[in-house]
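I opened a new page for this protein today. My plan is to start with one helix, then step back, then check single residues.

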Amino acid sequence: MEVSALDALDERQREAASVLRGPVAVLAGAGTGKTRVITHRIAHGVDTGAYSPQRVMAVTFTAKAAGELRGRLRALGVGGVAARTFHAAALKQLNFFWPTVAGDSAPSLIDNKVRMLGQAADAMRLRPSTATLRDIAAEIEWRKVSMLSIEQYAELERPISGIRPEQLIELQSAYEALKDERRQLDFEDVLLACAGMLEAESRVAAAVHEQYRHFTVDEFQDVSPLQNRLLELWLGDRRDICVVGDASQTIYSFAGAQQRYLLEFERRFSDATVVRLETNYRSKAPILTAANALMRGRPGALALAPAEAPVGDDEPPTVTAYDSETDEAAGIADAIVRRIASGAAPSDIAVLYRAHAQSAVLQQALAARGIATSVLGGTRFFDMPEVRQAVLALRGAAVAPTDAGFLPTVRDVLRGLGLTDEPPQAGGAQRDGWEARRAILRLAEEAPTGTTLRVFADELMARAKDQHEPTLQTVTLSTLHAAKGLEWPHVLLAGWAEGSLPISYATSFENIDEERRLAYVGITRAARTLAVSWARSAGRGERSASRFLAEIGTTARGTGILRDVAPSARRAARQG
């Protein structure tokens, strides 16, 4: 019997994937299977003949998400779909059409905006710090994706510490002049130049409209004005667009994201099909209760419901208060030790926090207990020297004939590069390298029967291209921003104190709402257990519990969803 791309979907998912023409908005809550819907919808369109794969563009926000999309489509037997980020798609079009339009090759891309800003500052006899230059670079990015000229930006009076307002404007102008002089573009210029080319050159627009007929946009709540304008130009007067997003997960407003494009989609397309995905396949009911309580009443909030009925042994989320951040890190590390002792794999556990600076004390506490960690946002797996060396060695071994067999050969190669039976001490570069080599060996052990060394080496290269990284047997440490789109069975949320979450500089209503959405993202990363903690002091300052705990508690504390499991040592001493 022929298998349909719709067979593996639930009722709501099938409804979203079945509508192949016209504007479609899929409002997909955390853990509701949005990527499954996107890929199966495209596969269904190809299977039924409604789509030609080469006429489909699927736009994502990260290269990793684009790689995952391509991989899932391949597994469904669909190839040829252009699954790219906004920047990758725009750059490809720019490089293709520029020689025809301008008569020469496209400008090159600068590889370091901060370095060029520093050079522009030197010419102005300014000496801003590297941190100030990074902040200026972020402002340039925000200005461009918000489609503002330097003059319009100047009227907003957005101050940056370490540089006077008039110097900031002059430095931005000097940066643009230096870039033009060197005939280079920055990342945001790629989108601007592509949009400008489509607007000014009707033949270019016609060619793009002929090439791409059907559009899918993932994470639509995160589009900026510039990305939305480029999408409008790609679409032209056609209406075959499917957007997928969740307003409650808009956490990049500081980078220009505007959730209004998702919230107002139905107003823009009055005939749009809107499907709400609210069945969560990830998290236990108590976790979803906490998440729903936090976002209740916010614009576009979805009411998540568990796919499975609650059972008696579902662990409710816990809240733990500590005296200091050092105590909090130690408590988190001890909780992880207990979790691993009860049978959880280290890779099933993540500690999430608001800012990178919070990771050091956590790494130290976990290393002291012999627990290896991986920090998201660090060196990518396939960029690690140990991994690059291993892949090259395996490709070399695939050329030489051997009678040892596939798996023994992989073991021999990795042992020759330093893989030992016992891991080095946790917390250093040697342990990181060991974990990486061990992950490659696990991939070989999990390879299908009959896999050859050549096929395995090619598969590693394909995974590197798609950024399909293997799972390391380490506890994950990550900022809340970097954790978006990921999930773990056991999640510990650190630093839920005022000044940390919401962060101290979030003072406006809009800023606090963004912090709330960030907290929501953290909660919804957890599948089975969730532990929240905070410290009463940071350095010499006293702190109070995050207002978000109170907001959740207003609805949930009476039902046992949240409970304080560890009063501080100071309070215990007073009570004693």
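**Entry 1: helix α5**

I started just past the end of α5, where R125 follows the helix with a positive phi, near 60°. Note to self: this is a predicted model, so I am reading a prediction here.

Next I went to the other end. At the start of α5, N112 uses a side-chain oxygen to reach the backbone nitrogen of V114, to within 3.1 Å.

Then I asked which residues of α5, running from 113 to 123, are buried. I found K113, M116, L117, G118, A120 and A121. What covers them? The cover includes three helices, α6 (130-145), α8 (165-181) and α9 (187-200), and also the strand β5 (184-185).

**Entry 2: stepping back**

How many helices and strands does the protein have? I get 24 helices and 18 strands. The radius of gyration is 25 Å, and the globule rule gives 25 Å for 576 residues, so the protein is as compact as a globular protein of that length.

I also looked up the extents: the C-alpha trace spans about 80 × 70 × 55 Å along its principal axes. Of the 576 residues, 50% count as buried.

The surface came next. The protein exposes about 26,700 Å², and carbon and sulfur atoms supply 50% of that.

I wanted to know how contacts run along the chain. Taking contacts between residues at least 6 apart in sequence, 80% join residues at least 24 apart.

Last for this page, the charges. There are 68 positive and 71 negative ones, and their mean positions are 1 Å apart.

**Entry 3: H87**

H87 sits in helix α4, which covers residues 86-102. Is H87 buried or exposed? Its relative accessible area is 18%. The cut-off for buried is under 20%, so H87 counts as buried.

Leaving out neighbours within four places in sequence, I found H87 in contact with F187, V190 and L191. F187 turned up again when I checked polar atoms: its backbone oxygen lies 3.5 Å from a polar atom of the H87 side chain.

I also took a C-alpha distance from H87 to F61. The two are 26 residues apart along the chain, and their C-alpha atoms are separated by 8.7 Å.

**Entry 4: two residues at 0%**

Q172 belongs to helix α8. Its relative accessible area is 0%, so I wrote it down as buried. Not counting residues up to four places away in sequence, Q172 touches I140, R143, I150 and Y153.

L477 is in strand β14 (residues 475-479). This residue is buried too, with a relative accessible area of 0%.

What does L477 touch, once residues up to four places away in sequence are set aside? My list reads V351, Y353, S359, L362, Q363, L366, T373, S374, V375 and L376. I checked Q358 as well: L477 and Q358 are 119 residues apart in sequence, yet 9.7 Å apart in space, C-alpha to C-alpha.

**Entry 5: loops and backbone angles**

Where is M147? I found it in the loop between α6 and α7 (150-156). M147 has a positive phi of about 60°, although it is not a glycine. At 40% relative accessibility, M147 counts as partly exposed.

R183 went on the page next to it. R183 is in the loop between α8 and β5, and its phi is positive, about 55°, although R183 is not a glycine. With a relative accessible area of 35%, R183 is partly exposed.

I then looked for P502, which is in the loop between β15 (488-493) and α22 (509-523). The peptide bond from L501 to P502 is cis, with omega near 5°.

My last stop was D383, in the loop between β13 (373-375) and α17 (385-399). D383 has 41% relative accessibility and counts as partly exposed. Q467 is 84 residues away from D383 along the chain, and their C-alpha atoms are separated by 9.9 Å.

Notes. Residues numbered from 1 in each chain as written. Heavy atoms only, no water. Buried < 20%, exposed > 50% of the residue type's maximum accessible area, 1.4 Å probe, protein only. Helix = DSSP H or I, 4+ residues; strand = E, 2+ residues; numbered from the N terminus. Contact = heavy atoms within 4.5 Å. Polar contact = N/O pair within 3.5 Å; in protein donor to acceptor, adjacent residues only side chain to side chain. Rg over C-alpha atoms; globule rule 2.2 N^0.38 Å. Areas by Shrake-Rupley, 256 points an atom, 1.4 Å probe, with all protein chains shown as cover. Lys, Arg positive; Asp, Glu negative; His and termini not counted. Charge placed at Lys NZ, Arg CZ, Asp CG, Glu CD.
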